[in-house]
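I opened this entry to record what I looked up in the model, item by item. The notes follow the order in which I looked.

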Amino acid sequence: MTRRAALVLTVALLASSALTACSTEGPDSGVSAGAKSGSGGSITMGFAQVGAESGWRTANTKSVQEAAKKAGIDLKFSDAQQKQENQIKAIRTFIQQKVDVIAFSPVVESGWDTVLKEAKDAGIPVILTDRAVATEDTSLYKTFLGSDFVKEGKSAGEWLTGAYAKERGPVNIVELQGTTGSAPANDRKAGFADVIRSDGKFKIVASQSGDFTRAKGKEVMQAFLKSQKDIDVLYAHNDDMALGAIQAIEESGKKPGTDIKVISVDGIKDAFVAMTEGKINVVVECNPMLGDQLMELAKKVVAGESVPPRVETEEGVFPQDKAAAALPSRNY
């Protein structure tokens, strides 16, 4: 081989080597960068919502959906229509889809151990939102995000005992409970009862579920008005039931907020409007805007970071005289 031929061959080999190195490094670097970006920023969350039974729930759903979009989290959303079997089915679907994290607001407290163990066995962390579950195995979920429902019930009771501090009684109360077996219904009832039991003049003369809906709240209140001759106070576990009950009170010829004092829980805009009209006396706030906090917790649990077992939201109590000032800031 001549010197010129050898030189040409050497240059060709070097060029080939350089092209091979570029073709290997280029795609590998791109895939690697994409994978890192995906594992670090692309999370898939399965979210099983209770339903759309109230204005509060609608606001909660919107908060979760908007926060997921803002956080770059792929949200797989399911509406259980207030049926536990639908939520369990949705959670099992999320497990089959191998989502990174599951979040849900349980319809009722009990009956979750089996499906939550399935999620745990699949290595998928679970976050409870708004409502808790009744289980002895707290390892089945990573954290709970939401309100202290017992505290909300106590706040309602404390307003009532304060408002009637100078009254000799009796004070007859009807109670519109939330969905039977649900955490807010159980806890708001317990917290309220714990406060008023210290004074014998307060008597709950009727208590029934209105299923957290406006229509059912009106229906049950109509029954209360027929069965109870003397009602002084209505305690409703949420605003939608209270607003339905107000319609029943007005149709009966009585004046809500005056003839029958109305205590409610949630803090939706419609309830604040009713307060400004004198129809609701006090609202105990339950904040539905959990989306941003949920997405932050999701990122942490997927990354394997430790999180508190319970994360509570900040809430207040709004008597009638604070309604007008607070109304413009209500976003739901």
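**Entry 1. Asp-130 and its partners**

I began with the accessibility of Asp-130, which is 3%, so this residue counts as buried, the limit being under 20%. The model is a predicted one, and I read every value below as computed from it. I then asked which side chain meets that of Asp-130 in a salt bridge at 2.9 Å. I found Arg-57, with the 2.9 Å taken from N to O. The two residues come from distant parts of the chain: Arg-57 belongs to helix α2 (residues 55-71), whereas Asp-130 sits in the loop between β4 and β5, and 73 residues separate them. Arg-57 has a relative accessible area of 2% and is therefore buried as well.

I noted a second salt bridge of Asp-130, made with Arg-131, where the closest N and O atoms are 3.7 Å apart. Asp-130 and Arg-131 are both buried. I followed the links outward and arrived at a network of salt bridges that contains Glu-53, Arg-57, Asp-130 and Arg-131.

**Entry 2. Thr-129 and strand β4**

I moved to Thr-129, which lies in strand β4, residues 126-129. Is Thr-129 buried or exposed? Its relative accessibility is 2%, so I entered Thr-129 as buried. Leaving out residues up to four places away in sequence, I listed its contacts as Phe-47, Ala-103, Phe-104, Ser-105, Pro-106, Leu-145 and Leu-294. One of these, Leu-145, is also the bridge partner of Thr-129 in β5.

**Entry 3. Strand β5 and its neighbours**

I checked how β5 is paired. β4 and β5 run parallel and are joined by three bridges. β5 and strand β11 (residues 310-312) also run parallel, again with three bridges. In the β11 pairing, I found Arg-310 opposite Phe-144.

Which residues of β5 lie on each of its faces? In this strand, residues 143-146, Thr-143 and Leu-145 are on one side, and Phe-144 and Gly-146 are on the other. I recorded both faces as covered, since these four residues are all buried. The split follows the usual pattern, because side chains in a regular strand alternate between the two faces of the sheet.

**Entry 4. Asp-240 and Arg-214**

I looked up a further salt bridge, that of Asp-240 with Arg-214, whose closest N and O atoms are 3.2 Å apart. Asp-240 is in helix α8 (residues 239-251) and Arg-214 in helix α7 (residues 214-227), so the pair ties together parts 26 residues apart in sequence. I compared the accessibility of the two ends. Asp-240, at 5%, counts as buried, whereas Arg-214, at 29%, counts as partly exposed. For the model as a whole I noted a count of 21 salt bridges.

**Entry 5. Asp-239**

I went on to Asp-239, also placed in helix α8. Its relative accessible area is 0%, so Asp-239 is buried. How far apart in space are Asp-239 and Val-265? I read 5.8 Å from C-alpha to C-alpha, for a pair 26 residues apart in sequence. With residues up to four places away left out, Asp-239 touches Ser-264, Val-265, Asp-266, Gly-267, Ile-268, Ala-271 and Val-283.

**Entry 6. The largest pocket**

I then examined the largest pocket, which holds about 150 Å³ of space. Its lining consists of Ser-147, Asp-148, Lys-151, Glu-152, Ser-155, Val-284, Glu-285, Glu-312, Thr-313, Glu-315, Gly-316 and Val-317. I sorted these residues by type and obtained two nonpolar, four polar and six charged.

Which element gives the most to the lining? I found α5, with three residues. Both α5 (149-163) and β10 (282-285) supply at least two lining residues each.

**Entry 7. Totals for the chain**

I closed with the totals. The chain has 11 helices and 12 strands. Of its 332 residues, 46% count as buried. Taking contacts with a separation of 6 or more, I recorded that 75% of them are between residues 24 or more positions apart.

Methods: Residues are numbered from 1 along each chain as its sequence is written. This is a predicted model: local features need pLDDT of at least 70, side-chain atom pairs count only at pLDDT 80 or more; totals for chains, interfaces and linings use all residues. Side-chain values use heavy atoms; hydrogens and water are left out. On a 1 Å grid over the protein atoms alone, a cavity is a set of points where a 1.4 Å probe fits but cannot get out, and a pocket is an open set with protein on both sides within 12 Å along at least five of seven lines; lining residues have an atom within 4 Å of a point. Grid points are joined across faces, edges and corners, and a volume is the space filled by probe spheres set on the points. Ala, Val, Leu, Ile, Met, Phe, Trp, Tyr, Cys and Pro count as nonpolar, Asp, Glu, Lys and Arg as charged, and the others, Gly among them, as polar. Buried means under 20% relative accessible area, exposed over 50%, partly exposed in between (1.4 Å probe, protein chains only). Contact means heavy atoms within 4.5 Å. Two strands pair if DSSP finds at least two bridges between them. A salt bridge is a side-chain nitrogen of Lys or Arg within 4 Å of a carboxyl oxygen of Asp or Glu.
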